[in-house]
Amino acid sequence: GLFRLCAGDMGMMKIPFLVLMGGLGVGMYLHNQRDHSPTADIDVISTLPIVEEHLAPYKDLIGDDYNGYRGHIYRVLSYTKHFMKGDNQHMDLVATALVYHDIGLWTKSVLNYLEPSFEEGKKKVEGKYTPEQMRLFEDIIMYHHKVTPFDGPDAKIVNAAMNGDWIDATQGLVHSGMSKANIAKVEGAIANAGFHDTLAGFGPKLYGNNWWRIVTELGQIMRW
């Protein structure tokens, strides 16, 4: 995920690159220390009407990356639901937020995509949620790359989504306490469809060999 986005001949960008990667290393350690101890088999969510309703209008814009991003959404959603341990009260909201959590990569063609992603989603759901639900929608998107646990309102939900995204973005390298068997089950059921290759190519696709801009923008999506 983020590691592959940063890959390449860094040259003079070695210092900022190492700083970013050091931060990601800390994140890996902290997330892998969390004891979620899941014991039950995970239920894989491979399709959901509300996801399809919100994602389908972007099919032409996302283009060849569509199936990959769609699969990422469903893998993260599956992990999130598992971490929620049967609390499904806000799952439609969570699913909708996950549709938009990375959408700014395509709508605005930037690597610091958190704010553009939230703003895009906000346009589509405004008026449908209470202020408290809207705050949750925003926090799921804005904090899904947080390194330390989120401790604001609805922390259980925000952290479940954050942990789910870390798992899939790193293909299980950051497991957040999720069992290898459950990760393998999800990855086996929902095709990758080139999603991580898409992530790896985004930086050079947008900015060529301007590694300073790539690393700087990626640093802006981290929340400590």
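Is Arg-70 buried, exposed or partly exposed? In this predicted model, Arg-70 is partly exposed, with a relative accessible area of 24%, and its partner Glu-52 is likewise partly exposed, at a relative accessible area of 22%. The two side chains meet in a salt bridge with an N to O distance of 2.9 Å. Because Glu-52 lies in helix 3 (residues 49–55) and Arg-70 in helix 5 (residues 66–84), this pair ties together parts that are 18 residues apart in sequence.

A search of the whole structure finds five salt bridges, including the pairs in the table below.

| Salt bridge | N to O distance |
|---|---|
| Glu-52 and Arg-70 | 2.9 Å |
| Lys-123 and Glu-120 | 3.2 Å |
| Lys-124 and Glu-120 | 3.6 Å |

Helix 8 (residues 114–125) holds Lys-123 and Glu-120, which are three residues apart and thus separated by about one helical turn. Lys-124 also lies in helix 8, four residues from Glu-120, and this spacing is about one turn of the helix. Glu-120 meets the side chain of Lys-123 in a salt bridge and that of Lys-124 in another, and Glu-120, Lys-123 and Lys-124 are linked in a network of salt bridges.

The members of this network can also be described by their accessibility. Glu-120 is buried, with a relative accessible area of 11%, whereas Lys-123 counts as exposed at 58% relative accessibility, and Lys-124 counts as partly exposed at 33% relative accessibility.

How values were computed
Residues are numbered from 1 along each chain as its sequence is written. This is a predicted model: local features need pLDDT of at least 70, side-chain atom pairs count only at pLDDT 80 or more; totals for chains, interfaces and linings use all residues. Side-chain values use heavy atoms; hydrogens and water are left out. A salt bridge is a side-chain nitrogen of Lys or Arg within 4 Å of a carboxyl oxygen of Asp or Glu. Helices (H or I, at least four residues) and strands (E, at least two) are DSSP runs, numbered from the N terminus. Buried means under 20% relative accessible area, exposed over 50%, partly exposed in between (1.4 Å probe, protein chains only).
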